[in-house]
Amino acid sequence: MDLGFISVIAPVVTIGLALITKNVFLSLLIGVFLGKFILSGYSLINGVDKALYSLVDQFKSSSNTIVIFSIIMLGGLIKLIEDNGGVSGFVNYLTKKSGIIKTKRGANFFTWLVGVLVFTSGTVSCLVTGAVSRPLNDAMGVAPEKSAYIVHTTSTPVCVLLPLSGWGAFMIGLLQSSGVENAPEVLVRSIYLNFYCMIAVVGTFLLILLQKDFGPMKEAVTNFKGVEAITNENVKIEGKMSVLLVPLFIMIGTILTVLFTTGKGDMIRGDGYKAILWGIFLAIFAVVTILKIYKIRDIKDSLDIFFKGAGGTLPMATVLLFAFAMGGTVKELGTGLYLAEIFSKLLNPALLPTIIFIIACLISFTTGTSMGTMAVTMSLAIPMALKMNVDIALTASAVFGGSIFGDHSSPISDTSILSCSTTGCNIIKHVKTQMPYTLTFAVVTIALYLVLGFVM
C-alpha cells in the first residue's frame, strides 16, 4: 500500500501532540488510532478496533513482552532496595566512608562510565545504568534531566560503537543483505566514521569534565533543588550497601553469563532479551534472600513492597506498550520508505553520505526506532553508494549514526522512555533539555560528512 504523504500524518501528529500537550500517553494513543484509521480505509469503527488489537498484538512478540515485564519487575526491585537501606548504605559509603565520589562531577562521570561498560544493548544499558546510578545522582543533587541525558547518551550510541552484542550481527546482516561482500570489514571501518555517536559519547564526557551546560539543560540544572532523602517510617534500618550491590552485580553478571551461554561462547550471538529476564529475576531473588538473612524483612513483607514498586511502573510500561504499537503502525503505513524515496532524489555522489544521514535522522526521529530505520535506509543507501562509487563504510556510518539520532532524540523512542523511567525524569523535560545537545552533535556530523564526501 503506497499512501504517499498521508503516511507521514500519524507520526507527525503524535510527535506534535507530545510536544504541545506534554502527554505522551495520550499522544501515542491518538497516533496509533489515527494510523489504523488511515489503514482501515478511514473507517472509524475499524480504526478503533485495529488500534485496540494492535496493543494486544504487541504481546505476541516475546521481546516486547520481556521488555515491558522487565520494567515492571525492575520497579519492584528498586523499591525493595530503596525501602530496605540499600540506597542509603551505598550512598553513605561513596560519599562519607570512602570519599570516592564527593561532587556532581563525580556522580556524572560514574553514570557515564557505567553506561559505556554496559554496551550489550540500549535497553539493558538504560535499565542497568539508570538503576545503578540513580541513588548516587540523587544524593549528589544531580538534576534528573542531566542524569537521564547521560544514561541515554551512553546507551544505543555506545552499542553501535562497540557492537559486541546482537547489534553487531544485526548491522552485518543489513550490510550483507544490501549487497556488501565484506560486511564485517565494512562494519569495523564504519565505526570510526560514525561521527554522531562518537561526538555524542565523547562530547558528553567533556561536558561532564568541564561541568558546562547550555540551553534548557542549564536552566534545569541551575533550578534543581534536589530530592529528599529516602526514609522508611515503619522500620529503622541501618543502611547496608550489600542490599544494593549484591543484587545489581548478580543482575549484571547474569546478563553477561546468559549472553555468553546462549551465544555458545559468542556474546554477539547471545539472546539479549533472555539475559534481561534472567538477570532481573535473579536480582529480585537475591535481594529477597538478603533481607531474610539480615532479618530486615520476611518474604511476605518483601513481596508486598515489590508489588508496590511494580505498580508504580505501570504508567511507564503502558507508554512503552503504546510506543511499540506506534512503531508497528508506522511501519505498516510505509512512512520510512516514503521519506527515503523523497530525499533520495537529491542525488549527488559527494553529498550522498550527508543526504543519507539526514534521511536517517528524520525517519528515526519520526518513528522512534533505530533498528527499523537502519533496515529501511540501508537497503536504499548501499545500492546507491555502490552505483555512484561512494565510499561504502562512510555511507554505512551515515545510516548507523542517523538512525541513532532519532532513537536518541525522539519522545516516542523506547530508550527515551526507559532513560526517564530509571532516572525519574519527565519524558517531555528530557526531550526538551537533551535536544540542543543532540542537534549540535548532528550539525557537526553533517559538516564532517560534507567535507569527507568530497575527500573520500
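**A walk through an all-helix chain, starting at L362**

At 36% relative accessibility, L362 counts as partly exposed, because the buried class ends at 20% and the exposed class begins over 50%. This residue of the predicted model has its place in helix α19. Its C-alpha atom is 8.7 Å from that of F405, although the two residues are 43 positions apart in sequence.

The chain around this starting point contains 23 helices and zero strands. Of its 456 residues, 54% are buried. If one takes the contacts in the chain with a separation of 6 or more, 79% of them are accounted for by residues 24 or more positions apart.

F405 leads on to a helix pair. Two packed helices are described by the angle between their axes and the distance between the axes. Helix α12, residues 195-210, and helix α21, residues 392-409, pack at an angle of about 50°, and their axes are 7 Å apart. That angle makes α12 oblique to α21. On the α12 side the contact is made by F195, Y196, C197 and A200, while α21 contributes L394, G401, I404, F405, H408 and S409. Sorted by character, the residues of this contact comprise seven nonpolar, three polar and no charged.

Several of these contact residues also belong to an aromatic grouping. F195, Y196, F357, F405, F441 and Y449 form one aromatic cluster, and the structure as a whole holds 14 aromatic pairs. In one of the pairs, the rings of F214 and Y437 have their centres 4.4 Å apart and their planes at 35°, so this pair is tilted. F214 lies in the loop between α12 and α13 (216-223), whereas Y437 lies in helix α23, residues 427-455, so the pair ties together parts of the chain that are 223 residues apart in sequence. The two partners differ in their surroundings: F214 counts as partly exposed at 35% relative accessibility, while Y437, with a relative accessible area of 1%, is buried.

A further pair involves two members of the aromatic cluster, F357 and Y449. Their ring centres are 5.6 Å apart and their planes meet at 50°, so this pair, too, is tilted. F357 lies in helix α19, residues 352-367, and Y449 in helix α23, so the pair ties together parts that are 92 residues apart in sequence. Both F357 and Y449 are buried.

From the aromatic residues one can turn to the nonpolar interior. In soluble globular proteins, nonpolar side chains tend to be buried together. Here the largest nonpolar core has 122 residues, and those with the most contacts inside it are L175, M374 and F400. Helix α17, residues 314-333, supplies the largest share of this core, with twelve residues. When residues up to four places away in sequence are left out of the count, F400 touches V160, M171, L175, L187, S190, N194, M374 and M378, a list that includes L175 and M374, named above for their contacts inside the core. A second core, separate from this one, has five residues, among them I101, A107, M140 and V142.

Burial can also be followed along a single helix. Helix α22, residues 414-423, is mostly covered, with eight of its ten residues buried. The buried residues of α22 are T415, S416, I417, L418, S419, C420, T422 and T423. Just after α22, the backbone reaches G424, which takes a positive phi of about 80°.

The sign of phi at G424 provides a link to two lysines elsewhere in the chain. Most residues other than glycine have a negative phi, and most peptide bonds are trans. K264 nevertheless has a positive phi of about 50° although it is not a glycine. K264 has its place in the loop between α14 (242-262) and α15 (272-293), and at 79% relative accessibility it counts as exposed. K295 likewise has a positive phi, near 60°, in a residue other than glycine. Its place is in the loop between α15 and α16 (299-312), and K295 counts as exposed at 76% relative accessibility.

How values were computed
Residues are numbered from 1 along each chain as its sequence is written. This is a predicted model: local features need pLDDT of at least 70, side-chain atom pairs count only at pLDDT 80 or more; totals for chains, interfaces and linings use all residues. Side-chain values use heavy atoms; hydrogens and water are left out. Axes are lines fitted to C-alpha atoms, for helices over the stretch in contact, and angles run from 0 to 180 degrees between N-to-C directions. Helices (H or I, at least four residues) and strands (E, at least two) are DSSP runs, numbered from the N terminus. Angles under 35 degrees count as roughly parallel, over 145 as roughly antiparallel, 65 to 115 as roughly perpendicular and the rest as oblique. Contact means heavy atoms within 4.5 Å. Ala, Val, Leu, Ile, Met, Phe, Trp, Tyr, Cys and Pro count as nonpolar, Asp, Glu, Lys and Arg as charged, and the others, Gly among them, as polar. Rings of Phe, Tyr and Trp (its six-membered ring) pair if their centres lie within 6.5 Å; planes under 30 degrees apart count as stacked, over 60 as edge-to-face and the rest as tilted. Buried means under 20% relative accessible area, exposed over 50%, partly exposed in between (1.4 Å probe, protein chains only). A nonpolar core is a set of buried Ala, Val, Leu, Ile, Met, Phe, Trp, Tyr and Cys residues joined through side-chain atoms within 4.5 Å.
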